[in-house]
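Trainee: I would like to go through this model one question at a time. Where do we start?

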Amino acid sequence: MIPHRAQTRGARLLIMLAMLCTACGPGGDPAVGGGADASPWRVAHALIADASVELGQHIEIRARERIFRWAFATEDDVAPWTHRHLDQGFRLDGDSLVFRAGSRNPSFSRDCAIDAAAVQRIRVHRTGQAGDARVRIYWARAGEDFAKGRSLVVEQAETGDALVPIYDLPLFRHPEWSGTIVRIRVDLPSTANRPMRLHAIEGWTDQVDGARLAAATAQPFKIDLGGDVRDALLGAPGIAQTRTLDVPADGSPTLRLAYGLQQRAGPPVRFRVRVGPAADASDGAVPETVLLDETLAVVEQATGARWIEHSLPLADYAGQRLQLTLETAVDDGSVLDLTQGFPVWADPRIVHRAVEADRPPNVILVLIDTLRADRLSLYGYARETSPRLTQWAQARGAVFETVVAPSPWTLPSHVSLFTGLD
C-alpha cells in the first residue's frame, strides 16, 4: 500500500474503489477485453514498438529545384512584360521593380514557353503590399485567352532568406495546369498610390523525393487524427508495409488495427490488408489472402479526420508463420499529393486470449485521499489509527516506507497509478 503524503486540508476522506478489468467484463470484442470465456486479450506481436517522433499534417518529402527565374533588375528583364493599371509609372531600383498604381489591380503579363509537367509551382517575390496582399496567376495555352478557370490565387506569404515575402502558388494541383503554357499574367492587388516592389518570379519543380519518402515510411510516427493520437505507419501508395510474424497457436488470434487519412482534399484511397507465405516458411504455407479491402474518401471525413477500427480474425492461420502486408492505392489514376498528408495505419498488432494459467488476478484498488503516513499506526504513529490496515499489511501486504508522489495534487497522482506515466 502506498500512502498519500499530502498535507491534511479539512476532514475530507475519499475512498475510491476501482475494478481493473484485466480479467472480467462481458463482450467478445478484442477492443473491449472480455469474451464468452472471460479470458483477457494479450498482445502477441506489435508491429510498432514505439513511435517517438510526432508528425503533424506535413512532412518534408519534397525535392525542389528551380527551373527558371524572371528577375526585375535590368531594362532587359522588364522588356518582355506588358503592364496594366500602372498609371503612376514604375522604375528599377537595385534588384527590384518599384511600381505605383492609382487602382488596386495592377498586373504584369508576358509570353513564355513553360512545360506544365516540369513546373509544379510558381513563386512570386514582392514587398510593400498593404491591405489586400493576394497574388493571382493566370495562364493560357495556344489559342486560349486568360480566364478565371485557369487561375490560382494565394493570400498568405512565407518569408524568404532576405525577409522578402514569397507567394507560393502550387499550380500542379490545378486540373488546367497542363500542356505548354504560352502566356502568363500576374495580378498584384495592392493599396492604391502605395509604392510596391516586385523582386522576382520563379518556376520550381515540386516532386516527391523517393529516398526521403522511403525513409519516412520506414519509421513509425505519432499521428493525430481528430484529436486521437496513435502510433502509426505511413501508407504511401506503391510502398507497402510488410512484416513477417508467427501467429499464436491458440487463443483466437486476431489482427487489430485502424486506418485513416490525413488529407483534407484528394482522391479516394484504397486500404488493403493481405497475408501470404513468409519467405522462410516451410512447404504448405498459407495461401495469399486478402483480409481487408476498403476505400476511404476524403468527403467521408467532412466532419474531421478519424481512425477507422478493424479486428480481423486470424484463427485460420493459427500456429503458422506468415507475411503481413499493409498497402494503399489510388485506383482512378489520380495523383495523391503526399505533401498534404498521408494515408496512415495505426497500432497494427496481433492479440490472442491468454490461457487459463496465464491469467492475471482481479485487482481492487483502494485509494484514500488526504491521509498522512505519519498519522498511521502502520507507519509508527503512537495512537492506533489503522489497526485493520496494520493487521492486513503484516499478513498479506507490502509496505513501502519511502514513496514520492508524482504530483502534490491528488488528481494527477491518482491518474499516474493507472498510466504509469509522470
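Mentor: Start with a term: contact means heavy atoms within 4.5 Å. This is a predicted model, in which local features need pLDDT of at least 70, side-chain atom pairs count only at pLDDT 80 or more, and totals for chains, interfaces and linings use all residues. Residues are numbered from 1 along each chain as its sequence is written, and side-chain values use heavy atoms, with hydrogens and water left out.

Trainee: Which residues does His-310 touch, not counting residues up to four places away in sequence?

Mentor: Place the residue before listing its contacts: His-310 is in strand E22, residues 308-313. Helices (H or I, at least four residues) and strands (E, at least two) are DSSP runs, numbered from the N terminus. With neighbours up to four places away set aside, His-310 touches Leu-255, Arg-256, Leu-257, Tyr-259, Leu-292 and Glu-294.

Trainee: Is His-310 buried or exposed?

Mentor: Buried means under 20% relative accessible area, exposed over 50%, and partly exposed in between (1.4 Å probe, protein chains only). The relative accessible area of His-310 is 18%, so His-310 is buried.

Trainee: Which residue has a side chain joined to that of His-310 by a polar contact?

Mentor: A polar contact is a pair of N or O atoms within 3.5 Å; within protein, one must be able to donate a hydrogen and the other to accept it, and residues adjacent in sequence count only if both atoms are side-chain atoms. The contact here is 3.0 Å, and the partner of His-310 is Glu-294.

Trainee: Arg-256 was in that list of contacts. How far apart in space are Arg-256 and Glu-309, C-alpha to C-alpha?

Mentor: Arg-256 is in strand E19. Its relative accessible area is 16%, so Arg-256 is buried. Along the sequence Arg-256 and Glu-309 are 53 residues apart, while their C-alpha atoms are separated by 7.8 Å.

Trainee: Tyr-259 was there too. What kind of aromatic pair do Tyr-259 and Trp-345 form?

Mentor: Rings of Phe, Tyr and Trp (its six-membered ring) pair if their centres lie within 6.5 Å; planes under 30 degrees apart count as stacked, over 60 as edge-to-face and the rest as tilted. Both Tyr-259 and Trp-345 are buried. Their ring centres are 6.1 Å apart and their planes are at 65 degrees, so the pair is edge-to-face.

Trainee: How many residues apart are Tyr-259 and Trp-345?

Mentor: Tyr-259 is in strand E19 (residues 254-261) and Trp-345 in strand E24 (residues 343-353). The pair links distant parts of the chain, and the separation is 86 residues.

Trainee: How many aromatic pairs does the structure hold, and what is the angle between the planes of Trp-70 and Trp-81?

Mentor: The structure holds 10 aromatic pairs. Trp-70 and Trp-81 form an edge-to-face one, 5.5 Å centre to centre, with the planes at 80 degrees.

Trainee: Which residues do ring pairs link into a cluster?

Mentor: Two members are buried: Trp-70 at 13% relative accessibility and Trp-81 at 8%. The whole cluster is Phe-68, Trp-70, Phe-72, Trp-81, Phe-99 and Phe-108.

Trainee: Which residue lies over the face of Trp-70?

Mentor: A charge sits over a ring if NZ of Lys or CZ of Arg is within 6 Å of the ring centre and within 35 degrees of the ring normal. At 4.4 Å from the ring centre of Trp-70, the residue is Arg-110.

Trainee: Which strand gives the most to the largest nonpolar core?

Mentor: A nonpolar core is a set of buried Ala, Val, Leu, Ile, Met, Phe, Trp, Tyr and Cys residues joined through side-chain atoms within 4.5 Å. The largest has 42 residues, and among those touching the most other members are Leu-255, Trp-307 and Val-344. With 5 residues, the top contributor is E19.

Trainee: How many residues are in the second, separate core?

Mentor: Phe-108, Ala-116, Trp-139 and Ile-184 are included in that core. Its size is 31 residues.

Trainee: Is Ser-252 buried or partly exposed?

Mentor: Ser-252 lies in the loop between strand E18 (241-246) and E19. Although not a glycine, Ser-252 has a positive phi of about 50 degrees. Its relative accessible area is 43%, so Ser-252 is partly exposed.

Trainee: What share of the residues of the chain count as buried?

Mentor: The chain has 4 helices and 25 strands. Of its 422 residues, the buried share is 41%.
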